[in-house]
Amino acid sequence: MLERTSDPHDEKAATGSAVMPHAVSGAAGMPFDLAAPADVATNRKNMALLVQLRWIAVIGQIATIGFVQFWMGVALPLMPMAAVISGLVALNLVSLLWLRYRADINNRELLIALTLDVAALTVLLYLSGGATNPFTSLYLLQVTLGAVLLDAPSTWSLVALVCMNFAWLTSYYRPLELPQQGFADAFNLHIVGTFIGLVLDAVLLVVFMTRINRNLRDRDLRLAALRQDAAEQDHIVRMGLLASGAAHELGTPLSSLSVILGDWRRMPALASDPELAQDLGEMEISVQRCKTIVTGILLSAGEARGEGSSPTTVAAFLSALVEEWRTSRPSATLYFRNAFGADLPIISDIALKQAIFNVLDNAAEVSRDWIELTAERDRDRLVLSVIDRGPGFSREMLAHVGKPYQSTKGSPGSGLGLFLVGNVVRKLGGVVTARNRPDIGAAVRLELPLSTLAIGDHLDG
């Protein structure tokens with residue numbers, strides 16, 4: 001259970017690398033294919049960027065052809081060029097439908113998209129001077145995008161395709177016939193075209209490489225979250241196995257103690273002594289409570305959420321929970337305030353009940369004389385707040401809320417309280433936050449979506 005202290009500490013966050021492996025191993029040695037869903041999402045975003053780049057290329061090609069044909073007076077084969085541009089528009093429309101209805105985008109499909117872009121650029125260059133066209137520098141844009149988006153074999157295949165196309169354009173192309181007036185110096189015209197192509201390459205590379213890098217960083221964050229979740233799940237599985245094994249082992253001696261205490265209560269020598277009879281009664285109550293706890297551990301470890309649960313209401317669930325906690329911890333003082341409003345039918349969740357118990361137990365360790373549990377409704381969420389008058393959380397504890405073994409007790413196994421609470425609440429779609437109060441004590445806040453607890457359509461009503 002997470003203990004609170006007033007010792008200040010600080011925390012430094014670490015970030016992942018730009019490239020993540022496609023599989024990691026859990027603590028139990030089982031591989032988790034974490035990169036697959038993250039790569040699929042990243043490839044979809046990158047394909048959308050290629051579609052946007054193609055729209056820019058189409059607009060730029062139309063503007064360039066119009067400028068060269070009508071302002072410079074250079075005769076161009078407009079119909080073949082229009083056919084190529086129409087093909088790029090059709091490719092973009094197909095790509096948009098593909099992105100809308102296709103669940104995943106892989107490396108091969110990105111390679112096909114870039115290959116078609118290279119082919120379209122090659123045809124346009126063939127129709128407008130071949131290798132003498134200064135816009136051949138746009139090949140470098142396709143190669144750079146391929147180096148970032150594709151794996152190594154696909155990137156080298158794209159490089160080979162670009163080199164072969166450029167070599168082909170040196171011998172096979174439709175030459176441009178420049179007008180004699182105003183363009184006598186063809187070399188200067190070529191330099192101007194090269195400068196325009198360089199500016200286009202630089203601008204488009206900066207814009208799209210920045211967005212692609214942002215996609216890759218988002219992928220790394222998703223992978224880090226998946227790794228953390230996998231590690232926590234493995235940790236919880238191990239704890240569940242340990243808890244269920246311990247519960248089974250404790251069941252037999254507890255049953256034996258219950259039988260022995262029952263026999264003692266029927267012995268005349270013990271039954272005639274009121275003090276001994278009272279002690280035996282308290283011992284039987286304690287043994288029965290231990291058996292109930294063991295049964296609850298087995299139930300939580302062996303049943304999925306919803307099995308063994310029963311319909312109730314928010315008010316009834318919380319009132320029964322508070323009453324049970326007060327009965328089992330008579331030395332602590334718990335105040336309950338129900339500000340939820342109109343009652344709502346829900347399912348009594350065993351895991352949620354145990355999570356709230358953990359938070360209350362944590363508060364009772366540092367503030368046994370005063371603990372307050374408040375239930376409120378924030379639109380479609382149930383908000384539970386546990387407030388105490390203890391020393392509060394240290395800065396290090398607040399920075400690591402929800403992580404296992406964050407405690408200053410120094411005892412083995414301590415620091416698991418809020419870790420388990422956070423996992424239970426997260427599985428229900430909620431969040432757990434902790435803070436120190438301005439005056440004294442701390443507050444732990446559990447926010448739960450009512451849609452995961454409510455029965456039927458009562459939430460809408």
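**Exercise 1. Helix 4 against helix 5**

Find which residues of helix 4 meet which residues of helix 5, then describe the packing.

Step 1. List the contacts (heavy atoms within 4.5 Å). From helix 4 come Y139, Q142, V143, G146 and A147; from helix 5 come T155, L158, V159, V162, N165, F166 and L169. Helices here are DSSP runs of H or I with at least four residues, strands are runs of E with at least two, and both are numbered from the N terminus.

Step 2. Sort these residues by character. Eight are nonpolar, four are polar and none is charged. Nonpolar covers Ala, Val, Leu, Ile, Met, Phe, Trp, Tyr, Cys and Pro; charged covers Asp, Glu, Lys and Arg; the others, Gly among them, are polar.

Step 3. Take the geometry. The axes of helix 4 and helix 5 (residues 152-169) come within 9 Å and cross at roughly 170°. Axes are lines fitted to C-alpha atoms, for helices over the stretch in contact, and angles between N-to-C directions run from 0 to 180 degrees. The two helices are therefore roughly antiparallel, a label for angles over 145 degrees.

The model is predicted: local features need pLDDT of at least 70, side-chain atom pairs count only at pLDDT 80 or more, and totals for chains, interfaces and linings use all residues. Numbering starts from 1 along each chain as its sequence is written, and side-chain values use heavy atoms, with hydrogens and water left out.

**Exercise 2. The buried face of helix 4**

Decide which residues of helix 4 are buried, and where they lie around its axis.

Step 1. Apply the cut-off: buried is under 20% relative accessible area, exposed over 50%, partly exposed in between (1.4 Å probe, protein chains only). In helix 4 (residues 139-149), Y139, L141, Q142, L145, G146 and L149 are buried.

Step 2. Look down the axis. The buried residues fall within an arc of 160°, so they line one face of helix 4. The arc uses directions from the helix axis to the C-beta atoms.

Step 3. Recall the repeat. An α-helix has 3.6 residues a turn, so residues three or four places apart point the same way.

Step 4. Check the preceding loop. S137 sits between helix 3 (107-126) and helix 4. It counts as buried, at 18% relative accessibility. Beyond residues up to four places away in sequence, S137 touches G197, L198 and D201.

**Exercise 3. The open sheet**

Work out the strand order, the pairings and the helices that pack on the sheet.

Step 1. Order the strands. Five strands form an open sheet, 4-6-7-9-8, with mixed pairing. Pairing requires at least two DSSP bridges. Strand 4 (334-339) and strand 8 (431-436) are the edges, each with a single partner, so one side of each lacks a neighbour in the sheet. The twist averages 15° from one strand to the next.

Step 2. Read the pairs. Strand 4 and strand 6 are parallel over six bridges; A339 has E376 as its bridge partner. Strand 6 (residues 371-378) and strand 7 (residues 381-388) are antiparallel over eight bridges. Here E372 stands opposite I387, and I371 has D388 as its partner. Two residues separate strands 6 and 7 in a hairpin, and R379 in the turn has a positive phi of about 55°.

Step 3. Add the helices. Helix 9 (residues 314-328) touches strands 4, 6 and 7, its direction making about 175° with that of strand 4. Helix 10 (residues 350-366) lies across strands 4, 6, 7 and 9, running at about 20° to strand 7.

Definitions and conventions. Parallel < 35°, antiparallel > 145°, perpendicular 65-115°, else oblique.
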